[in-house]
Amino acid sequence: MSSKGLKPTKRKDNESSEKPDALKSKKPKLAPSNNTIQNQKPGGQEHGKPKSFGNNDKSSVTLSKKERRVQAKELTEARKKRRKPHYTLEQELATLWEKMRRRDIGKEDRLKLISEAIQKMKGKMHEIAGSHVSSRVLQTCLKYCSQDEKDVVFKELHPHFLSLASNTYAVHVLQKMLDGASKQQLSACISSLRGHVASLLRHMVGSVVVDHAYHLGNAAQKQELLGELYSTELQLFKDLNSTSEKRVVDIIAKLGLQKGSVIRHMTAIVQPILEKGIVDHNITHKLLIEYMTVADKTSAAFVIQQLSGPLLIRMVHTRDGSRLAMLCVKHGSAKERKKLIKAMKTEKDSHVGSIASDQYGSMVLACIFSIVDDTKLVTKIIVRELEANLKDLVMGKNGRRPLLQLLHPNSSRYFSRDDLASLELSVPSLCLMDKSETKDSDGKESAEEEKDEQEDTVTEESGLEENVTIAGSKKDPLLRRQELLVKSGLAERLIDVCVENAEEFLKSNFAKEVMYEVAVGGCDGILLPTLSENLRELYQAIASVAAEPKPEESEKSSQHILEDFHSSRTIRRLVLDSPTFASILFKKALSGKCRSWAQGHCSRILSAFLETQDVQVREMAKEELQVLVDEGALKITGTKKPE
């Protein structure tokens with residue numbers, strides 16, 4: 001019978017259940033050897049081999065939850081010991097750290113624990129400084145230890161300064177070490193950075209160490225760090241660095257360096273920093289502001305384009321950073337200005353209040369008020385945020401600056417020379433382009449026939465996009481101030497706040513300036529046409545406070561508004577400059593009471609009524625005050641009228 005005619009027979013179910021492995025395996029079984037048969041026990045287990053425990057084996061040992069947790073913990077500890085060579089040491093240091101960092105521990109006990117910890121770490125500090133736990137122990141030791149122990153730590157860490165500068169945890173140890181370092185040690189650390197400043201500034205962690213060293217260094221050390229960023233020659237030859245020439249333009253002129261080479265060197269450093277967004281450090285701000293003084297128009301436009309937005313908000317807290325922001329506002333396009341202003345207020349948070357209260361950030365807002373033509377956007381993003389916190393801004397040293405810029409722009413009385421100079425800064429390469437375009441536009445007006453040809457010439461010669469061709473603004477400054485101050489409702493709200501806090505503002509060294517500018521109607525009388533009734537309410541509020549009875553010596557808890565140093569001088573200025581206010585004040589608070597106020601600071605207010613340029617005010621008060629002058633009870637100061 002042939003094999004084709006045979007049908008395969010089915011195996012029985014009991015056979016398949018008894019031998020499931022035989023069915024699954026496709027390989028033929030081999031016959032067991034004699035040795036295997038002899039070594040097997042009756043139960044099927046070989047001699048010398050332990051019995052395996054399966055899930056279905058009833059004789060297996062089941063561990064409790066607590067025992068399983070202990071076993072897992074032991075396995076984890078074993079793995080950590082294999083992975084971390086100093087794991088046991090870190091556990092000991094963590095125990096000491098928990099004791100030494102407590103606030104209720106005695107000074108001597110803490111010093112003992114610190115000495116013990118330093119002794120344990122000796123010879124291994126550079127290895128464990130990058131650890132999550134040990135770095136904190138080292139920071140606490142450097143904070144409280146003696147100078148000798150600081151020297152021990154410095155001696156071990158200094159040879160590895162560069163490698164530790166790029167470690168996420170070790171960077172904090174280096175910062176503490178630099179804070180407590182002597183002049184010689186700080187100089188040694190800065191010397192260690194030589195040749196690596198540019199590469200570390202491009203590193204997110206390493207840049208923190210460089211900036212910290214820059215902050216602690218003296219003028220020569222700061223110039224040494226910056227010199228590497230200016231030119232290859234200054235990086236290679238230390239003796240070329242000089243403290244007399246700090247600006248890169250002066251360095252190029254003195255050393256005879258090639259300007260193109262310097263620009264290429266600085267561009268290679270600046271571009272990666274901007275692309276990575278590492279712009280939080282003072283040394284970076286200084287580098288960028290110097291770069292803008294020598295950069296060509298294409299490079300300067302690239303920097304403005306990269307910075308305009310959230311990056312610039314992180315930079316306005318420093319002197320150089322705020323100046324960079326002003327340059328971006330002045331030379332940026334309308335699109336870039338819009339991007340910058342919108343970055344000040346996000347869906348989650350608003351930065352306008354913090355920027356306005358900052359020493360340097362407030363000048364950025366003042367610059368925006370002076371240049372940006374899109375007053376609707378400025379009102380929506382900035383003015384509305386300022387209105388919500390007007391009282392604190394008026395009372396603050398820095399918060400009042402944007403308001404004063406709107407009320408009295410570029411006043412030397414309220415802004416320092418450095419502040420006014422920062423508002424006048426510009427990028428040389430972009431200014432040259434703007435001047436050439438202005439000249440071309442003047443030519444267009446004189447010859448309409450050459451209009452199209454000159455437009456083509458300007459476009460070809462500039463070599464830039466339209467977004468960098470506009471510097472400054474086109475709108476009339478007075479019109480811009482009216483839109484931001486009056487039409488936006490800011491002035492009306494500001495007058496209301498002054499009415500509510502008249503006495504407090506007049507007695508404040510900072511708020512009195514805003515109060516004066518509001519009361520006189522601002523520069524060019526910008527508030528007078530539309531808000532004259534509101535200003536009259538303010539005059540009445542000041543006069544009501546001044547009309548309060550003079551407190552007796554025993555009842556003096558606070559000085560009267562006419563006797564206070566700051567308020568008396570502000571009221572005197574208002575009497576000289578605002579006839580309406582002078583009339584209301586005299587009729588409501590001083591008429592018939594001048595003899596009682598003829599002494600002290602108030603005498604200066606009374607003399608102002610006789611010194612004022614307004615004839616009606618002078619004649620109104622002359623009858624009562626001239627008697628006091630003749631008696632010698634009131635003296636005319638004869639001081640010049642305040643500017």
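Start by selecting residues 511–519, helix α35, together with helix α36: the two pack at an angle of about 130°, and their axes are 10 Å apart. That angle makes α35 oblique to α36. Keep in mind as you look around that this is a predicted model.

Now show the side chains where these two helices touch. On the α35 side, pick M515, V518 and A519. Facing them from α36 are L535, L538, Y539 and I542. What classes of residue make up the contact of α35 with α36? Colour by class and you'll find seven nonpolar residues, no polar ones and no charged ones.

Stay with α36, which spans residues 528–546, and add helix α38, residues 579–590. This pair packs at about 35°, with the axes 9 Å apart. Turn the view until one helix lies over the other: α36 passes α38 in a right-handed crossing. For the contact itself, select R536, Y539, Q540, I542, A543, S544 and A546 on α36. Their partners on α38 are T580, F581, I584, L585, K588 and A589. The mix here is eight nonpolar, three polar and two charged residues. Two names should ring a bell: Y539 and I542 are listed for α36 in its contact with α38, and both are also listed in its contact with α35.

Next, head back along the chain to helix α12 (residues 183–192) and helix α15 (residues 219–230). Their axes lie 11 Å apart, and the packing angle is about 10°. The two helices are therefore roughly parallel to each other. Zoom in on L186, S187 and I190 of α12, then on Q221, E224 and L225 of α15, which together make the contact. By class, that gives three nonpolar, two polar and one charged residue.

While you're in this part of the chain, select residues 120–155 and then 156–191. An unreviewed UniProt entry annotates both spans as "repeat: Pumilio". Residues 120–155 are 72% helix and 0% strand, with the end C-alpha atoms 16 Å apart. Residues 156–191 come out at 72% helix and 0% strand, and there the end C-alpha atoms are 17 Å apart.

Last stop: colour the chain by pLDDT. The mean is 83, and 81% of the residues reach 70 or more. Over residues 1–31, though, the pLDDT is below 50, and this stretch has four contacts beyond near neighbours in sequence. Residues 33–59 also stay under 50, with 16 contacts beyond four places in sequence. Where pLDDT is low, don't read the predicted coordinates in detail.

Note on methods
Residues are numbered from 1 along each chain as its sequence is written. This is a predicted model: local features need pLDDT of at least 70, side-chain atom pairs count only at pLDDT 80 or more; totals for chains, interfaces and linings use all residues. Side-chain values use heavy atoms; hydrogens and water are left out. pLDDT is the predictor's confidence in each residue, from 0 to 100. Contact means heavy atoms within 4.5 Å. UniProt positions are given in the numbering used here, feature names are shortened, and annotations may be inferred rather than shown by experiment. Helices (H or I, at least four residues) and strands (E, at least two) are DSSP runs, numbered from the N terminus. Axes are lines fitted to C-alpha atoms, for helices over the stretch in contact, and angles run from 0 to 180 degrees between N-to-C directions. A crossing is left-handed if the near helix is turned anticlockwise from the far one by less than a right angle, and right-handed if clockwise. Ala, Val, Leu, Ile, Met, Phe, Trp, Tyr, Cys and Pro count as nonpolar, Asp, Glu, Lys and Arg as charged, and the others, Gly among them, as polar. Angles under 35 degrees count as roughly parallel, over 145 as roughly antiparallel, 65 to 115 as roughly perpendicular and the rest as oblique.
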